[in-house]
Amino acid sequence: SDLATYRSTFGLPACTSANGCFAKVNQNGASTPLPATNSDWVGETTLDVQMVSAICPTCHILLVEADDDDRSGASNLDTAVGTAARLGAKYVSMSWGSGEYAQESSQDSAYFSAPDVTYVAASGDGGYATSWPAVSPNVVSVGGTTLLRSSATARGWTESVWAEGSGSGTGSGCSAYEPRPAWQSAAVIASACSGRAMN
């Protein structure tokens with residue numbers, strides 16, 4: 001219903017299960033059983049589906065719902081990502097992440113390496129801090145700033161990070177575990193990060 005309201009508000013064509021535009025499956029790719037509603041995820045899920053609609057109004061949308069956020073000890077989020085690629089998704093949007101950890105590079109190739117698939121992950125909202133999988137070399141890290149025209153600066157713009165209060169803001173930083181790629185060898189990056197720079 002949120003998707004219907006969003007698309008109607010912005011004059012986009014309907015995207016429903018009935019017309020084949022929208023499908024929702026569990027982390028294994030089946031239409032039932034779906035996980036119980038997780039109130040913490042509703043906002044993020046809605047945001048992702050709305051932004052896919054804005055970017056590509058005629059694209060088909062596949063929502064893959066993980067059983068949980070991996071607190072059970074299972075790799076449910078990673079399984080859901082793999083299912084999306086297996087079912088034909090060419091772009092996988094993930095509004096989730098966690099702090100970096102020493103074994104993350106083994107997960108990079110295991111879960112984010114399907115050919116011809118672009119993986120996009122939220123950079124986090126904790127300010128200067130890296131987040132996995134956004135810091136993975138196989139993933140596009142997405143954060144944001146707002147640009148406003150300004151005659152008061154030589155640049156012609158002022159820029160501010162997206163933030164929700166004191167100490168928060170779009171994630172950024174230097175990886176403790178992912179090596180810096182050659183294309184990030186510019187002096188300004190190399191002087192700040194010995195590892196991969198995120199955002």
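Helices and strands here are DSSP runs, numbered from the N terminus. With that settled, let's go. This is a predicted model.

Start with the cis peptide bonds. One joins W132 and P133, with omega about 20 degrees. Where is P133? P133 sits in the loop between β5, residues 126–128, and β6, residues 139–142. Another cis bond joins T32 and P33, and there omega is about -10 degrees. P33 belongs to the loop between β1 and α2. Why point these out? Most peptide bonds are trans.

Now the core. The largest nonpolar core has 21 residues. Which of them touch the most other members? They are V81, V92, M94, W96, F112, Y119 and V139. Three elements give two or more residues to this core: α3 (76–86), β3 (91–94) and β4 (118–122). Of these, α3 gives the most, with five residues.

Take F112 from that list. Leave aside its neighbours within four places in sequence. F112 then contacts D78, V81, M94, W96, Q107, Y119, W132, P133, S136, N138 and V139. Note W132 and P133 among those contacts. That is the pair joined by a cis bond.

There is also a second, separate core. It has seven residues, including L3, C15, C21 and V49.

L3 takes us to helix α1, residues 2–9. Its buried residues are L3, Y6 and R7. They cover an arc of only 90 degrees around the axis, so they lie on the same side of α1. What faces the other way? On the other side of α1, A4, T5, S8 and T9 are exposed. The cover over the buried residues of α1 includes β1 (22–26), α2 and β2 (61–65). After α1 comes G11, with a positive phi near 70 degrees.

Next, helix α2, residues 39–55. I55 is found in this helix. Is I55 buried or exposed? I55 has 72% relative accessibility, and the cut-off for exposed is over 50%, so I55 counts as exposed. Together, L47, M51 and I55 make a nonpolar surface patch of about 300 Å². D40 is in α2 too. D40 has 65% relative accessibility, so D40 is exposed as well. For a sense of distance, take D40 and S150. They are 110 residues apart along the chain, and their C-alpha atoms are separated by 38 Å.

On to charges. How many salt bridges does the count come to? One. The side chains of R155 and E159 meet in a salt bridge, at 2.9 Å from N to O. R155 is exposed, with a relative accessible area of 54%. E159 has a relative accessible area of 43%, so E159 is partly exposed.

Last item, backbone angles. Most residues other than glycine have a negative phi. D116 is not a glycine, yet its phi is positive, about 65 degrees. D116 lies in the loop between α4, residues 104–111, and β4. At 67% relative accessibility, D116 counts as exposed. N199 is another residue other than glycine with a positive phi, near 55 degrees. N199 lies in the segment after β10, residues 195–198.

To recap. The largest nonpolar core has 21 residues, and α3 gives the most to it. The second core is separate, with seven residues. Cis bonds precede P33 and P133. The salt bridge is R155 with E159. Thank you.

Conventions. Residues numbered from 1 in each chain as written. Predicted model: local features only at pLDDT ≥ 70, side-chain atom pairs only at ≥ 80, totals over all residues. Heavy atoms only, no water. Patch = residues over 30% accessible without salt bridge, like charges linked within 9 Å, V, L, I, M, F, W, Y side chains within 5 Å. Areas by Shrake-Rupley, 256 points an atom, 1.4 Å probe, with all protein chains shown as cover. Salt bridge = Lys/Arg side-chain N within 4 Å of Asp/Glu carboxyl O. Helix = DSSP H or I, 4+ residues; strand = E, 2+ residues; numbered from the N terminus. Buried < 20%, exposed > 50% of the residue type's maximum accessible area, 1.4 Å probe, protein only. Arc of directions from axis to C-beta. Contact = heavy atoms within 4.5 Å. Core = buried A, V, L, I, M, F, W, Y, C linked by side-chain atoms within 4.5 Å.
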